[in-house]
Amino acid sequence: MLTILGRSGGAGQYCDGVSRRNFIKVGGMTLGTLSLPQLLQAEAAKGEGHRSHKAVINVFLPGGPPHQDMWDLKQDAPSEIRGEFRPIGTSVPGIEICELFPKLAKQMEHCAIIRSVVGAKGPHYSDQCVTGWDARNNEPAGGWPSMGAWVSKLQGPAGNAMPPHVSLMYKTSHTPWGEPGAGGFLGLAHAPFRLMGGKGETSKIDNMVLKDITLERLQDRAGLLKSIDSLRRDLDSSGAMDGMDAFTSQALGILTSSKLADAMDLSKEDPATVERYGKGDPQFRADGAPKMVENLLIARRLVEAGARVVSLNFSRWDWHGQNFQRARQDMPMLDQALAALIQDLVERNLDKDVSVVCWGEFGRTPKINANAGRDHWPRVSTALLACGGMRTGQVIGSTNRLGEYAVDRPIQFQEVLATLYHNLGIDLNTVREFDLRGRPQYPVAQGIEPIRELV
């Protein structure tokens, strides 16, 4: 149990005689006469538990996964484009995907594949998959907020014990591959609550403790932030303190509950469920992320506990060489974990409430290079969406015979995000916020609509 210490004696007591030491405790936290478990039980009894909210799990594949070797195979193309993999049938007649995804093929009725994602840029960064915007072009004052930041601003936390915007993205040597987005002009209070470190770092959940902090020191912002490593954030360029106050308040609410720590603790999960997701590889893949399939399970546990948007990164997909060898290593792991996540959501009756998206920043060249790899190809890429109450069991869009460009129903990144906002219950027609220069801004560009085939 973690205790926030206060003085004993007269100055350390409230007028009802309850000591400050007994008033605030973490773990077996007491608030007046009710313990935290009792409060949560009362909340659940009122119908305000963790199943009362919508959520998104954003699975980012850093580096640009090969669209024509995953969910848009081109069997009629020449061998130097077709590649080594063959398609297999799925649970939806007429839909075929790569043979390395047999488990996902069995869940296809809960999935929608977009084969015509367009609008990518050449450089490697996660921005378009977490904000929908090109952060390197016409960025507003304060920066573009991520999807999670917009949701945090518009819907707030589902409960005091869990932040609405959570990141399981590992910090990567190539920094953009580990960026879940920020609060942007919406402010620091809506930045992601980051739970993972980088190479040589433990998860921030391991450091989520308050030690020797008196109640008096809780009034000292500078001292508090110095004492809580996992809650340190840089002030935004405006220097506004309101965001810091809100963030600190939210963070203290989180720290005074075991809910977040419990969600991260897989020893509390059914061992059979853990096994279903497979065994991950904690080693960082060059300048990318580890192959931690377990994080897809943790993401499910986080949204069950109250998170609204959870993002994570998986492996490194910048395969300029040995594309097919690398695919045989990574794709079966992703297949098992994604299929397990979808199965979990369906079995737990969360498939109408929780949306899943899996994608990367762009696709790969149709032609295989001399190193048996594929190079950057921003002209078209693919995405897989699942659950979320969407019209699944379908393919949207198509590319030409060589997988070079979209020939039917091109879909912008922002259209995917608009669909996810819709699934979360956000009416984009009513949302407008102002950047740090007072200019009106929106979650997606005006005129962008959710994908009609899905909603």
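In this predicted model, strand E5 (residues 55–60) and strand E12 run parallel and are joined by 6 bridges. Within this pairing, alanine 55 stands opposite valine 354 of E12. Strand E12 also pairs with strand E15 (residues 381–387); here 5 bridges are found, and the two strands run antiparallel. In this second pairing, serine 355 of E12 lies opposite cysteine 387 of E15.

Strand E12 itself spans residues 354–359 and is mostly covered, with 6 of its 6 residues buried. The burial applies to both faces of the strand. On one side, Val354, Val356 and Cys358 are buried. On the other side, the buried residues are Ser355, Val357 and Trp359. Val354, which stands opposite alanine 55, and Ser355, which stands opposite cysteine 387, thus belong to opposite faces of E12.

A helix pair was also examined. Two packed helices are described by the angle between their axes and the distance between the axes. Helix H11 (residues 294–305) packs with helix H12 (residues 323–347) at an angle of about 20 degrees, and the axes are 9 Å apart. Because the angle is under 35 degrees, H11 is roughly parallel to H12. The crossing of H11 past H12 is right-handed. On the side of H11, the contact is made by Leu296, Leu297 and Arg300. Helix H12 contributes Ala337, Leu338, Leu341, Asp344 and Leu345. Sorted by class, the contact of H11 with H12 holds 6 nonpolar residues and 2 charged residues, with no polar ones.

Conventions
Residues are numbered from 1 along each chain as its sequence is written. This is a predicted model: local features need pLDDT of at least 70, side-chain atom pairs count only at pLDDT 80 or more; totals for chains, interfaces and linings use all residues. Side-chain values use heavy atoms; hydrogens and water are left out. Axes are lines fitted to C-alpha atoms, for helices over the stretch in contact, and angles run from 0 to 180 degrees between N-to-C directions. Helices (H or I, at least four residues) and strands (E, at least two) are DSSP runs, numbered from the N terminus. Angles under 35 degrees count as roughly parallel, over 145 as roughly antiparallel, 65 to 115 as roughly perpendicular and the rest as oblique. A crossing is left-handed if the near helix is turned anticlockwise from the far one by less than a right angle, and right-handed if clockwise. Contact means heavy atoms within 4.5 Å. Ala, Val, Leu, Ile, Met, Phe, Trp, Tyr, Cys and Pro count as nonpolar, Asp, Glu, Lys and Arg as charged, and the others, Gly among them, as polar. Buried means under 20% relative accessible area, exposed over 50%, partly exposed in between (1.4 Å probe, protein chains only). Two strands pair if DSSP finds at least two bridges between them.
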